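Q: Please take a close look at one strand of this structure and its surroundings. Then work outward to the other parts that can be described.

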Amino acid sequence: MGNSVRVFLWINFLVMLWFTYTAWIKDYSYNPNIVSEAIIDKAPLVETNESQPSLEANFDAVMPVIESTAITGSVARLIQVKTDVLDLSIDLDGGDLVRSDLLLYPINKNDPDNLIRLLDPSFENRWVFQTGLRGLDQNAPEPNHLSAYQSSDMFYELSPQEDEIVVSLMWESEDLSLRAFKTYTFRRGQYSFDLRLHVENISDQPWSGAPYAQQYRRHIPVSRSYTSVDSYSFKGPVIFDGESYDKIDPEDFIDEPLREQIIGGWLANIQHHFVAAIIPPHLDQGSYQGAMRDDNYLLTIISPIQEAPAGGALDYNYKFFVGPKLQDQLSETGDSLELTVDYGMLTFLSQPLFWLLDKIHSYVGNWGWAIIILTFLIKLVFYKLTAASGRSMAKMRKISPKMKAIQEKHKDDRQALSQAMMEIYKKEKINPVAGCLPILIQMPFFFAFYWVLIESVEIRQAAFMFWITDLSVKDPFFVLPILMGIAMLLQTRLNPAPPDPIQARVMQIMPIAFTGLFAFFPAGLVLYWLTNTILSILQQWRINKVIAAE
């Protein structure tokens, strides 16, 4: 009995330790390998083992000249694009997206006009896309992200009769030998959009250049807080190399800039519930690079060299995603892009749990009831296992007076006490470890469901009923945590009291400790644990009655 209770206490302690750890830890280091030169700056041509030539990288040269903002143009040079879900700004000085407001996602549910802004040209929160082509010939013109583009309109809005908006920008070299177009296609209801780079070579000589796309972002370290849900999640750059998904601490770029050749990958910047991603053509090998300059970092994909023959043209296409981590849209946009929903090492459990939760929600239409139903289904899956544990606990409760008598009799002889306890276990057919095994098996599912409720943007600002108007934040009146604490207290009363006074005291304090621990957790998570505890109480109460009747 003593060993069983100690294991149970250690499990509960580890649960509390895990939540404290996730609230305070600084996430995820990344150690990329330095690889061969990449194409990005007009540096001297160098010999490589590739079939095509490559240029040495110089990140200082790719960065725009920054003064007070990340955009070089005035407000008059900003195009506004408005769909049914996005409000965007494109800077004609570069032809790139520099602002994105999410029309359906306010920062606070009670202030619907104050929207989540991902891309931002301001100095304090700089985060912009930069795209273009770098020419192989140092003296030839090129349409890079500092080139001045023109547009026929300065405002585009998706009308009720339209399903997409096409925004076309044009640049022309001073000698009129080269013309370039950036064509954006935005679609109704979609946070993904396409960018087509098109170059027309009007000269009598071929023109070669490397397409590139990059994100330039100010590094603002996350302030870890026990009461802030946002601080639980990773914020920063991530890269998918075609097989694995890695989170990167931008400060690692200071000592070891990123250089890696990748096929079938993509790069993104993520934060709690939201992502901005760049996805190149799937089969192209890109040079992925990362560098840190002062408080800003640059993530770049440099694609293979393209050629526009004399009098001919070239085309290159990128996909972008800027918005909430809606898993259906993410998976449709890029291979494994749904991994940006950061479920951590339990993704293999969290993803099917979310899939099932989403299916339930599609029928009941309420995320709170979906959580309750899924909790019931999880409990049903483990019913046989927990029933065996419950029977063991009920039998332990039944022989508790005998156990106390044995302990009193052999209190000065631990060997005799242990032998006497094993004899009574054998006689009553009790496995003292049986009460802990189901808890150990269920712990991964608990943590996986925890990350589902923390990370899934679908549950963000979702109402349940009565005073619970947002399942993704704490209960404003702490009713659910208090009810959970009461339920846990009732649960301890149904289980046998530990013979050791200290252990018994810890078991009495545990419901109070968990109430304080869960008080600032998302209401959806507390609702899950409250439901699970109530179902456990009902199951144990029924088992206790059956054992008593037997």
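A: This is a predicted model. Start with strand β7. 9 of the 9 residues of β7 are buried, so the strand is largely enclosed by the rest of the structure. Buried here means under 20% relative accessible area. The burial holds for both directions. W127, F129, T131, L133 and G135 point one way from β7, and they are buried. V128, Q130, G132 and R134 point the other way, and they are buried too. In a regular strand the side chains alternate between the two faces of the sheet.

Next, the partner. β7 covers residues 127-135 and is joined to β12 by 9 bridges. The two strands run antiparallel. Two positions fix the register. R134 has A210 of β12 as its bridge partner. Q130 stands opposite Q214 in β12.

β12 itself spans residues 207-218. 12 of its 12 residues are buried, so β12 is also largely enclosed by the rest of the structure. Both of its faces are covered. One side carries W207, G209, P211, A213, Q215 and R217. The other carries S208, A210, Y212, Q214, Y216 and R218.

β12 has further pairings. It pairs with strand β19, residues 296-302, in the antiparallel sense over 7 bridges. There, Q214 stands opposite T300. Thus Q214 faces Q130 of β7 and T300 of β19. Strand β20, residues 306-308, is joined to β12 by 3 bridges and runs antiparallel to it. In that pairing, S208 has E307 as its bridge partner.

Two arginines of β12 also meet aromatic rings. The charged end of R217 sits over the ring of W127, 3.6 Å from the ring centre. W127 belongs to β7, and R217 to β12. R218 lies over the face of F123, at 4.8 Å from the ring centre.

Now the sheets. One open sheet has 8 strands, in the order β9-β10-β11-β21-β17-β16-β13-β14, with antiparallel pairing. β9 (164-172) and β14 (245-247) stand at its edges with a single partner strand each, so one side of each is left without a neighbour in the sheet. From one strand to the next, the twist averages 20°. Within this order, β11 (residues 192-201) pairs with β21 (residues 313-324) over 9 bridges in the antiparallel sense. H198 stands opposite D315 in β21.

Another open sheet has 5 strands, in the order β6-β5-β4-β3-β8, and its pairing is mixed. Its edges are β6 (111-117) and β8 (155-157), each with a single partner strand, so one side of each lacks a neighbour in the sheet. The twist here averages 20° from one strand to the next. β3 (residues 78-82) and β4 (residues 86-91) pair in the antiparallel sense over 5 bridges. V81 stands opposite L88 in β4.

Aromatic contacts come next. The structure holds 25 aromatic pairs. Take F186 and F193: their ring centres are 4.9 Å apart and their planes are at 40°, so the pair is tilted. Both F186 and F193 are buried. Elsewhere, one aromatic cluster is formed by F446, F447, F449, Y450, W451, F514, F518, F521, Y528 and W529.

Helix α5 shows a two-sided pattern. It runs over residues 347-364 and has 18 residues. From first C-alpha to last, α5 reaches 25 Å, close to the 26 Å expected at 1.5 Å a residue. Its buried residues are T347, L349, S350, L353, F354, L357 and I360. They cover an arc of only 145° around the axis, which puts them on the same side of α5. F348, W355, S362 and Y363 are exposed on the other side of α5. G365 follows α5 and has a positive phi, near 70°.

Last, a loop position. T469 lies in the loop between α10 (437-455) and α11 (479-494). Its relative accessibility is 45%, so T469 counts as partly exposed. T469 and K109 are 360 residues apart along the chain, and their C-alpha atoms are separated by 8.9 Å.

Definitions and conventions:
Residues are numbered from 1 along each chain as its sequence is written. This is a predicted model: local features need pLDDT of at least 70, side-chain atom pairs count only at pLDDT 80 or more; totals for chains, interfaces and linings use all residues. Side-chain values use heavy atoms; hydrogens and water are left out. Two strands pair if DSSP finds at least two bridges between them. Helices (H or I, at least four residues) and strands (E, at least two) are DSSP runs, numbered from the N terminus. Axes are lines fitted to C-alpha atoms, for helices over the stretch in contact, and angles run from 0 to 180 degrees between N-to-C directions. Buried means under 20% relative accessible area, exposed over 50%, partly exposed in between (1.4 Å probe, protein chains only). Rings of Phe, Tyr and Trp (its six-membered ring) pair if their centres lie within 6.5 Å; planes under 30 degrees apart count as stacked, over 60 as edge-to-face and the rest as tilted. A charge sits over a ring if NZ of Lys or CZ of Arg is within 6 Å of the ring centre and within 35 degrees of the ring normal. The expected span of a helix is 1.5 Å times one less than its number of residues. The arc is that of the directions from the helix axis to the C-beta atoms.
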